[in-house]
Amino acid sequence: MTGLRKMVMLLAASGAWVLPCQQLAAQSGNAEPATRAANEAFAKSLPFADRADFDDARRGFIATLPDGVVAGPQGPAFDTKPYAFLGKNEAPATVNPSLWRQAQLNAINGLFEVTGRVYQVRGIDISNMTIIEGDSGLIVIDTLLSNETAKAALDLYFRNRPKKPIVAVIYSHSHIDHFGGAGGLISAEDAASGKVKVLAPDKFMDYAVAENVIAGNAMRRRAEYMYGPSLPIGDRGQIDTGLGKALSKGTASLIAPNDLIKQDLETRNIDGVEIEFRLVPGSEAPAEMIMYFPQFKLLDMAEDTTHNMHNLYTLRGAEIRDGRLWSRYIGDAIARYGDKTDAVIAQHHWPIWGNARIVAYLKKQRDLYEFIHDQSVRLLNQGLTPTEIAEQLKLPASLANDWSARGYYGTLSHNAKAVYQFYLGWYDANPADLDPLPRAEEARKQVEYMGGADAILKRARDDFKAGQYRWVARVTSQLVFADPANKEARALGADALEQLGYQSEAATWRNAYLLGAAELRHGVPPAQTLRSNAELLKGVSIDLAFDALATRLNATRAEGKHIVINWTFTDRNETYLMNLENSALTHRMGPLDDRADASVKLTRAAFDAISTKQRSFAASAATGDVSISGDPLKLRELFGLLDEFTANFAIVEPLKANVE
């Protein structure tokens with residue numbers, strides 16, 4: 001059940017390995033003349049004299065971590081000190097100046113007062129913790145990614161404010177950087193007993209873990225490219241994620257909510273604080289809600305509005321988000337709360353104060369996602385393909401010159417392609433693209449048709465000197481896929497990706513380009529041992545766990561086999577019938593089969609222990625935690641047909657081994 005174990009590690013989001021940073025930094029190149037010119041032009045194209053965001057980000061500052069470090073299980077869970085280089089006013093040539101500005105803003109960290117009785121801890125994880133002082137205790141909105149950073153945030157608050165008990169925890173939505181630190185604040189027992197209210201949007205538990213289960217191994221690997229946790233921190237490496245400074249590297253938890261917001265609009269009074277909850281499912285997350293606090297005239301937009309363009313498609317991989325629906329939710333918030341809001345916060349970035357500024361900001365965010373949706377659809381209906389739409393689409397000046405609409409996390413390019421995929425899928429309708437050759441085979445034919453590797457490299461070097469990095473990266477990638485041992489192609493491809501990273505306004509693109517360059521130069525480092533987290537497995541239903549097992553079935557090895565297994569979960573009084581036939585592993589909840597090859601009885605806890613490889617079936621059977629009747633060899637045979645996924649599979653070169 002290693003797939004579940006790896007999924008848990010994706011959710012823990014601590015980065016599976018780290019490249020040799022000193023070696024990587026030493027081999028990083030300088031900004032080429034074309035990159036310097038591009039970044040200098042960028043610096044002239046945007047209103048850098050506007051410093052309002054810096055004023056907002058610093059407003060209400062109280063204190064920060066004494067030494068800037070949050071201790072973790074394996075080194076720091078978060079460390080602000082390596083980002084001190086961002087104190088320079090001017091961006092170095094190796095960083096897009098707009099991204100440099102965003103990275104400076106995200107580096108402002110500590111405890112801040114938003115308004116009377118409302119505080120935020122920002123900049124010690126990728127997300128924010130909001131703390132509201134009730135009549136007798138504290139209401140905490142979102143718990144950061146890790147237990148360690150959550151506890152550090154609360155400790156920072158307690159060093160500067162009266163110490164009161166937590167009476168409620170609110171999860172704004174179902175992404176782990178907003179619930180993963182709950183174990184650092186409260187105990188599961190306090191939640192289970194109702195001592196602490198834990199509120200979340202409807203269907204929170206359905207989505208909190210599920211999004212990452214089926215494709216968890218691929219998502220984890222892709223997330224390394226998106227967030228860059230293995231890159232060295234510095235002006236030639238990782239400087240930001242756009243949405244926040246970086247992912248913390250601590251211990252993630254999942255404490256289930258004991259109270260769900262089920263109606264589209266619900267008002268609750270929690271410890272003397274009136275909160276109006278508005279569900280916004282299918283916007284930035286499948287289960288999400290915004291909140292309005294009438295007595296504070298405060299609007300919390302969760303993650304539906306932030307100080308950058310967000311993702312309709314996230315580079316780590318996920319279902320496409322509906323920009324039209326997202327825009328509609330923001331418009332509804334303007335209509336409902338716009339004229340009675342004096343401060344707006346989100347669970348990333350910094351607040352905005354003043355009603356006129358708030359409404360203008362919300363309108364820009366509303367129109368940003370509507371524009372991306374509508375204009376992408378307009379162009380696809382004109383017959384343009386995803387890459388053509390992405391190349392042609394430009395924001396109007398009113399949005400392009402607004403800092404909150406800049407593409408630091410999502411980009412206009414990949415969001416436009418997402419809209420195309422949302423409606424039309426991967427196929428561009430050109431029959432020549434219906435059944436292309438596999439990438440390596442196609443690369444070999446293209447290299448042959450273009451006169452061989454030496455001829456291509458000669459022209460690619462000229463194009464590199466001319467600053468044609470996008471094309472050089474593409475053509476050298478073809479050379480690498482045709483012959484991974486071609487050192488000159490790898491080196492030139494890495495150089496091109498590096499320059500693209502230096503030019504990128506999006507932190508996510510920068511991280512992807514720079515990690516791609518590093519892996520072309522150094523190869524893919526070996527996989528690191530993954531630390532399991534049994535708490536997160538609680539969010540995985542048995543049904544979903546069995547679905548994940550089915551995706552690991554090696555169809556070639558399973559051909560011609562028929563195996564039937566009964567499963568009984570004794571603590572839940574649930575039974576499942578699992579059937580292998582026609583190289584497909586299916587299951588259903590309900591009656592068992594008297595003719596099954598084997599029958600397994602166990603608790604959910606025993607199943608989780610086996611899933612995380614803390615125990616084996618044999619050891620669990622020996623201690624009586626698992627009972628197996630019938631033919632246990634059939635159970636062993638079935639599990640022997642499941643693939644073990646490679647954690648650090650190759651991305652910028654062909655896979656090292658054939659996959660059956």
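Helices (H or I, at least four residues) and strands (E, at least two) are DSSP runs, numbered from the N terminus, and two strands pair if DSSP finds at least two bridges between them. The structure described here is a predicted model, in which local features need pLDDT of at least 70, side-chain atom pairs count only at pLDDT 80 or more, and totals for chains, interfaces and linings use all residues. Residues are numbered from 1 along each chain as its sequence is written, and side-chain values use heavy atoms, with hydrogens and water left out.

Strand 7 (residues 138–141) is a convenient place to begin. Strand 7 pairs with strand 8 (residues 166–170) in the parallel sense over four bridges, and in strand 8 the bridge partner of Leu138 is Ile166. Together with helix 6 (residues 147–158), these two strands make a right-handed β-α-β unit; right-handed means that, with the strands pointing away from the viewer, the path from the first strand over the helix to the second runs clockwise. Strand 7 is also joined by four bridges to strand 6 (residues 129–133), and this pair runs antiparallel. Thr130 has Ile141 of strand 7 as its bridge partner, and four residues lie between the two strands of this hairpin. Both faces of strand 7 are covered: Leu138 and Val140 on one side, and Ile139 and Ile141 on the other, are all buried (under 20% relative accessible area with a 1.4 Å probe, protein chains only).

A further sheet is found later in the chain numbering. Five strands form this open sheet in the order 19-18-17-20-21, with mixed pairing. Its edge strands are strand 19 (584–589) and strand 21 (626–630), each of which pairs on one side only. Neighbouring strands are turned by 20° against each other on average, direction ignored; axes are lines fitted to C-alpha atoms, for helices over the stretch in contact, and angles run from 0 to 180 degrees between N-to-C directions. Strand 17 (residues 563–569) and strand 18 (residues 574–581) pair in the antiparallel sense over seven bridges, and the partner of Ile565 in strand 18 is Met578.

Two helices accompany this sheet. Helix 23 (residues 604–611) packs on the sheet and touches strand 17, strand 20 (598–602) and strand 21, where contact means heavy atoms within 4.5 Å. The direction of helix 23 makes about 105° with that of strand 20. Helix 25 (residues 632–639) lies across strands 17, 18, 19, 20 and 21, running at about 100° to strand 17.

Methods. Buried means under 20% relative accessible area, exposed over 50%, partly exposed in between (1.4 Å probe, protein chains only).
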